[in-house]
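Reader: I have a model in front of me and would like to learn how to read it. Where should I begin?

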Amino acid sequence: MKILIADDDRTVCQALRLLFLSQGHDAQYIINPLNILEFIESYAPDVLLLDLNFSVDTSGEQGLQILKDVHAAYERLPVILITAWGTLDLAVQGMKAGASDFVTKPWENEVLMQKVQTQWSLRQTAVSTKANLLNELVGSSEAMKLARELLSKAASSEATLWISGSRGTGKDLLASIYHRMGNRSSLPLLKLEDSEEVEAELWGYRKGVFPGSTKDHRGLLSKIGEGNLQISAWESFSSGLQSKLLKVIEERKFTVIGSDLEMDVRCGWLATSHFHPDDSLETGALREDLYYRLAQVHIHLPDLDERREDMPELIRHFSAQLNAGERKRKLEESAIEWLSTCSFPGNVRQLKAYLERVWLLSEQYTLNIKELKKYFAAEDKPAELTLEGMEKEMIKKAIAQKKGNMSEVAKTLGITRSALYRRMSKFGIQHED
């Protein structure tokens with residue numbers, strides 16, 4: 001364990017350092033608090049012991065300001081306040097400002113060591129929990145490594161997060177991990193599902209405002225409190241609605257439909273979209289000011305075909321989950337290799353659903369390629385990946401991403417429009433320009 005002591009009394013610092021060294025811990029001290037943030041960055045302590053008084057003034061104001069600065073820069077660093085002028089009021093102020101605990105001078109060695117050990121243990125548990133949550137995002141591809149890195153940074157800083165990706169790539173899972181890793185994890189995570197009445201669902205309304213509205217309806221902004229609110233398909237909202245939402249996010253105020261009472265908004269925001277924001281910004285479907293306000297961190301989850309190296313790991317991951325149930329199966333290595341060459345347009349969700357179907361319907365314990373081929377549903381239509389198959393899927397995906405703008409599709413694929421139409425005819429891809 002690494003302990004940093006910040007106190008303007010050198011004798012106190014030396015005594016505390018000797019105490020921790022005698023217990024087998026690493027300890028350093030700092031007397032001048034002006035460069036404490038730089039010292040924390042270089043030393044990376046597990047626990048900070050912080051004096052509240054760095055001058056003849058015993059109000060504790062200087063120590064509280066240092067605490068606030070440390071908490072803002074290193075929110076997850078446990079801070080134990082230590083002062084000779086400890087009062088309940090000052091301790092409460094410190095705890096509200098982000099301190100984890102406090103002791104008073106003169107201290108009892110055993111009590112102090114117990115408090116430090118407790119905070120270190122809690123931090124280790126938090127780090128372990130964080131790692132376990134990140135491991136739910138399966139895959140060793142560069143795209144998934146980047147996703148885990150960005151997710152960790154976003155959750156620890158409570159930055160607003162924008163998640164994009166095709167259907168079935170795992171946007172809801174990533175949003176759930178972000179919520180569970182953050183400081184709002186004990187509060188609700190609510191999601192606005194696709195709805196034609198977005199304003200009514202978010203703002204809520206008073207009875208009698210709409211035909212048939214016989215009672216008040218609480219909107220998500222009223223229900224969420226200080227939890228996280230996840231809203232999807234922003235690019236499908238009208239520009240006017242996007243403007244209204246931006247105003248709510250910026251001003252942190254809203255008014256229930258049919259009421260004049262303004263209410264506070266205290267929630268965190270999560271945005272998800274089926275398309276890459278660059279495409280929606282280019283077409284004007286998404287307002288730039290809204291996107292840049294919400295996308296302090298942007299994570300794009302690529303299609304499964306674009307991170308095919310993750311397929312074996314995903315297959316083993318879902319197999320292990322299914323084997324935790326009553327029906328046990330074993331996939332032959334050759335079967336895993338073959339399945340990893342198949343295309344699943346529905347991405348991770350489709351792959352998982354397919355394996356669940358195999359586990360449910362197959363009567364064989366050992367699953368080989370022949371057995372796996374029996375359980376592809378007609379709507380799945382997976383096929384062994386060939387060059388032609390890859391080309392066909394790329395064209396279909398480009399058409400979907402560019403919303404049928406064939407000039408843009410051809411440009412994206414790096415071919416002429418006439419070459420694009422020849423390939424579409426070859427593969428039987430029908431689309432009106």
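Author: Begin with the largest nonpolar core, bearing in mind that this model is predicted. The core has 29 residues, and L202, L221, L229, W234 and W269 touch the most other members.

Reader: Which helices and strands each supply at least two residues of this core?

Author: They are helix 8 (198-203), helix 9 (220-223), strand 10 (228-232), helix 10 (239-251), strand 13 (268-273) and helix 12 (288-294). Helix 10 gives the largest share of the core, five residues.

Reader: What is L221 in contact with, leaving aside neighbours within four places in sequence?

Author: L221 is in contact with L202, L229, V248, F254, V265, C267 and W269. Another core lies apart from this one; its 23 residues include C342, V348, W359 and L367.

Reader: Now a single helix. How far apart are the end C-alpha atoms of helix 1?

Author: They are 18 Å apart. Helix 1 covers residues 10-22, and at 1.5 Å a residue its 13 residues should span 18 Å, so the two values agree.

Reader: Which residues of helix 1 are buried?

Author: V12, C13, L16, L19 and F20 are buried. Seen down the axis of helix 1, the buried residues fall within an arc of 130 degrees, so they line one face of the helix. On the other side of helix 1, T11, L18 and S22 are exposed.

Reader: Which residue caps the N-terminal end of helix 1?

Author: D9 does, with a side-chain oxygen 2.9 Å from the backbone nitrogen of T11. Just after helix 1, G24 takes a positive phi of about 85 degrees.

Conventions. Residues numbered from 1 in each chain as written. Predicted model: local features only at pLDDT ≥ 70, side-chain atom pairs only at ≥ 80, totals over all residues. Heavy atoms only, no water. Helix = DSSP H or I, 4+ residues; strand = E, 2+ residues; numbered from the N terminus. Expected span 1.5 Å × (residues − 1). Buried < 20%, exposed > 50% of the residue type's maximum accessible area, 1.4 Å probe, protein only. Arc of directions from axis to C-beta. Polar contact = N/O pair within 3.5 Å; in protein donor to acceptor, adjacent residues only side chain to side chain. Core = buried A, V, L, I, M, F, W, Y, C linked by side-chain atoms within 4.5 Å. Contact = heavy atoms within 4.5 Å.
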